[in-house]
Amino acid sequence: YRMDGTTVEAELYCHPVTVAGKQAIQSYIRDIGWKREANQRQDELIKEINELSATVVPLLDDIAILPITGKVDHDKAVALLDLIPVKVREQQITHLIIDFSGMYSVDNLVIDTLFKVHHVLGLLGVETFITGLRPELVLEALNLDIDLSSLPVTGTVKEALDILEIKHDVHSS
């Protein structure tokens, strides 16, 4: 308890010591309430960053792009799975280009998230294209024995848009 009677979150350290030939225990208590508050602020900031990194950018009426940047960790993967289907529905997107040109590493979590997002969006009637996989990311996926062949992959966003334009022209004729 603090001097004013309020409770405090604290760490207690106890160390055996010898004082004047006698065994004793030296103890000290440290207030760590600031640490919990700092961790909460950091968690909130990470949540905000993950929400911003799940931004669906409209390109045309029903076509949008989702730029994936940086590293996808567990929290970012959860944010992508939670937020993207909702955002796609809200914006009435039928075609989503997921661009990885700003991502610098790939692992099983990234690929698993990618497959889940692709599958969920497919169930919602949204066609997805994967673009921007740099050679080193593809090699890393191959080294992890990850099969990308079942995903619709194009080299660039422009190539995906060209495919969508052809499909759109066929459907409108």
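How many nonpolar, polar and charged residues does the lining of the largest cavity have, by class? The analysis rests on a predicted model, in which local features need pLDDT of at least 70 and side-chain atom pairs count only at pLDDT 80 or more, while totals for chains, interfaces and linings use all residues. Residues are numbered from 1 along each chain as its sequence is written, and side-chain values use heavy atoms, with hydrogens and water left out.

Strand β5 spans residues 95–103; strands (E, at least two residues) and helices (H or I, at least four) are DSSP runs numbered from the N terminus. Because 7 of its 9 residues are buried, β5 is largely enclosed by the rest of the structure, buried meaning under 20% relative accessible area with a 1.4 Å probe and protein chains only. Pairing requires at least two DSSP bridges between two strands. β5 pairs in the parallel sense with β4 (residues 63–70) over 7 bridges, and 5 bridges join β5 to the parallel strand β6 (residues 127–131). I98 has I130 as its bridge partner in β6.

One cavity of 30 Å³ or more was found, a cavity being a set of points on a 1 Å grid over the protein atoms alone where a 1.4 Å probe fits but cannot get out, with lining residues having an atom within 4 Å of a point. The volume of the largest cavity, taken as the space filled by probe spheres set on the points, with grid points joined across faces, edges and corners, is about 90 Å³. Its lining includes I98 and F100. The largest share of this lining, 4 residues, comes from α3. By class, the lining has 10 nonpolar residues, 1 polar residue and no charged residues, where Ala, Val, Leu, Ile, Met, Phe, Trp, Tyr, Cys and Pro count as nonpolar, Asp, Glu, Lys and Arg as charged, and the others, Gly among them, as polar.

Methods:
Buried < 20%, exposed > 50% of the residue type's maximum accessible area, 1.4 Å probe, protein only. 1 Å grid on protein atoms, 1.4 Å probe; cavity = no way out; pocket = protein on both sides within 12 Å on 5 of 7 lines; lining within 4 Å.
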